[in-house]
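Subject: Structure handover

Hello,

Please find the structure below. My notes on it come after.

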Amino acid sequence: MTDILIATHNLHKLKEFKTLLEPLGYHVLGADDVGLPDIEETGTTFQENSALKATHAAKFSNMLSLADDSGLCVHALNNEPGIFSARYAAQNGGYPAVFNVLLARLKEDFSAHFTCCLCLAEPGKDPLFFEGQVQGHLTPNMDNSCSNFGFDPIFVPEGYDKTFGGLPSEVKNKISHRARALAKLVAHLKG
């Protein structure tokens, strides 16, 4: 197995990466496993933020490292909160309080998409980027049956009638923005 460091302290995100990468022969480690300190996300795009985190992790650990920057982009709000999704939630009472704040800003257009930009960094090499998106819409009918992982309880992906949070994990892990970005990464790794 090949070790790969996922530059995150988010256990939900780490679990998703383990589910997607371990069957491919990767031994997935998280930031907590190696004592990786956080780095400030000063980028202005998903790509810049993922690169900051991945190159920091690779330099710190001397390991193949993967980082993502992802977020919810609401079309009627000029793609806000975008790269500030986690901070936007924190500033508005966290999850699920932020759902009401966000939905109150919308009138008719509830369309949105999730973006994930993965950066794969290896010491001594240029970083590589893989992006995935999933289109859909927000719903005021929060799915209370799921765990509150980010905006999943109010985002309905295109072609489905359940929120990300209400879909079985094996379905979400095939259609999510992260899964689509990872599919591009895997295609690259398989060469």
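What follows covers the overall fold and then one helix.

This is a predicted model: local features need pLDDT of at least 70, side-chain atom pairs count only at pLDDT 80 or more, and totals for chains, interfaces and linings use all residues. Residues are numbered from 1 along each chain as its sequence is written, and side-chain values use heavy atoms, with hydrogens and water left out.

The protein has 7 helices and 7 strands (DSSP runs, H or I of at least four residues for helices and E of at least two for strands, numbered from the N terminus). Their order from the N terminus is β-α-β-α-α-β-β-α-α-β-β-β-α-α. The radius of gyration is 16 Å, close to the 16 Å of the globule rule for 191 residues, so the protein is as compact as a globular protein of that length (C-alpha atoms; the rule is 2.2 Å times the number of residues to the power 0.38). The C-alpha trace spans about 50 × 30 × 25 Å along its principal axes.

Buried residues (under 20% relative accessible area, 1.4 Å probe, protein chains only) make up 50% of the 191.

Helix H3 covers residues 46-61, and its end C-alpha atoms lie 23 Å apart, which agrees with the 22 Å expected for 16 residues at 1.5 Å a residue (1.5 Å times one less than the number of residues). Its buried residues include Phe46, Lys53 and His56. Among the elements covering them are strands E1 (2-6) and E3 (65-74) and helix H4 (85-91), where contact means heavy atoms within 4.5 Å. After H3 comes Asn62, with a positive phi near 60°.

Regards
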